[in-house]
Amino acid sequence: MIRRAETPGRCPQKGVSRGLRTKLSHSNMADSKAKPAKAANRTPPKSPGDPARDKATKRLSLESEGASEGAAAAPELSALEEAFRRFAVHGDTRATGKEMHGKNWSKLCKDCHVIDGKNVTITDVDIVFSKIKGKSCRTITFEQFQEALEELAKKRFKDKSSEEAVREVHRLIEGRAPVISGVTKAVSSPTVSRLTDTTKFTGSHKERFDPSGKGKGKAGRVDLVDESGYVPGYKHAGTYDQKVQGGK
């Protein structure tokens, strides 16, 4: 019999031993199990910035929802509380309007005419503030502010009942705002007044101002040519046309 020449690298199924076939079957099964696992992990991984962005987006959405809910649920401020907040933030950019310092408390009582100089003085205002605020605190809340007004109302309106006195004090404060002082005036001294008095100027400086003290502008700095046709200093300058028209 003529036997076929076997191709190098190939072996017939009959010539394969049982142990080798077992190893091949196990390797095929392992490959078939590993392939689906790789296919299941095809989704690309998220970039490192995605978690932070998701957190920021979630936080902003929660804040916006909270702000909208807070705006819807927040009650309207009374006129007294609005005035309290205006004075509480006056002169302090970091103030929130929920607490008031003693300086602004004194200004409120002064601008709203709670201090009348007779029944209520600046000393009474300071004493009440020290009495109402806490020992280690430097500010008062709106609730303490109302208590302080009740204390001052008894002195401010002695001839009225406690309820009417508190109501009158509230009327003095409601709708009011801090009074802004005017510009500080410069202190006048003989030296400054002499240097700024145009009537005492001489020479070329005198020509720069008119008799009322107002500057002439360019006419006071530059010699302008008079093209009117009249002699300089002529008293009746500009009356020629009127005389001619009147004669006709």
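**His113 and its surroundings**

Task: Determine how accessible His113 is, where it lies, and what is unusual about its backbone.

Solution: His113 has a relative accessibility of 48% and therefore counts as partly exposed, given that buried means under 20% relative accessible area, exposed means over 50%, and partly exposed lies in between (1.4 Å probe, protein chains only). This is a predicted model, in which local features need pLDDT of at least 70, side-chain atom pairs count only at pLDDT 80 or more, and totals for chains, interfaces and linings use all residues. Residues are numbered from 1 along each chain as its sequence is written, while side-chain values use heavy atoms, with hydrogens and water left out.

The next step is to place the residue: His113 sits in the loop between helix 4 and helix 5, where helices (H or I, at least four residues) and strands (E, at least two) are DSSP runs numbered from the N terminus. Although His113 is not a glycine, its phi is positive, at about 65°. Most residues other than glycine have a negative phi.

Finally, leaving aside neighbours within four places in sequence, His113 is in contact (heavy atoms within 4.5 Å) with Arg156, Leu172 and Arg176. For one of these, Leu172, the C-alpha atom is 7.0 Å from that of His113, although the two residues are 59 apart along the chain.

**Two helices and their buried faces**

Task: For helix 5, establish which residues are buried and how they are arranged about the axis.

Solution: Begin with the list of buried residues in helix 5, which holds Asp124, Val125, Val128, Phe129 and Ile132. Seen down the helix axis, these residues fall within an arc of 135°, so they line one face of helix 5; the arc is that of the directions from the axis to the C-beta atoms. On the other side of helix 5, Ile127 and Lys131 are exposed. The packing partners of the buried residues of helix 5 are strand 1 (99-101), helix 4, strand 2 (139-141) and helix 6.

Task: Carry out the analysis for helix 3.

Solution: In helix 3 the buried residues are Leu80, Glu81, Ala83, Phe84, Phe87 and Ala88. Because they cover an arc of only 160° around the axis, they are on the same side of helix 3. These buried residues pack against strand 1, helix 4, strand 2, helix 6 and helix 7 (162-173).

**Salt bridges**

Task: Compare the settings of the pairs Arg85–Glu81, Asp111–Lys107 and Glu151–Lys131.

Solution: A salt bridge is a side-chain nitrogen of Lys or Arg within 4 Å of a carboxyl oxygen of Asp or Glu, and a search of the whole structure finds eight of them. Arg85 and Glu81 form one, with N and O 3.6 Å apart. The two residues are four apart in helix 3 (residues 79-88), so about one helical turn separates them. Within this pair Arg85 is partly exposed, at 31% relative accessible area, whereas Glu81 is buried, at 18%.

In the second pair, the closest N and O atoms of Asp111 and Lys107 are 3.1 Å apart. Both residues belong to helix 4, again four residues apart and about one turn of the helix, and both are buried.

The third pair joins the side chains of Glu151 and Lys131 at 3.7 Å, N to O. Because Glu151 lies in helix 6 (residues 142-156) and Lys131 in helix 5 (residues 122-132), this pair ties together parts that are 20 residues apart in sequence. Glu151 is partly exposed, at 26% relative accessible area, and Lys131 is exposed, at 57%. Elsewhere, salt bridges that share partners join Lys160, Glu168 and Arg171 into one network.

**The largest pocket**

Task: State the volume of the largest pocket and describe its lining.

Solution: On a 1 Å grid over the protein atoms alone, a pocket is an open set of points where a 1.4 Å probe fits, with protein on both sides within 12 Å along at least five of seven lines, and its lining residues have an atom within 4 Å of a point. The largest pocket has a volume of about 210 Å³, counted as the space filled by probe spheres set on the points, which are joined across faces, edges and corners. Its lining consists of His90, Gly91, Asp92, His101, Lys103, Asn104, Lys107 and Asp111. Helix 4 (residues 102-111) gives the most to this lining, with four residues.
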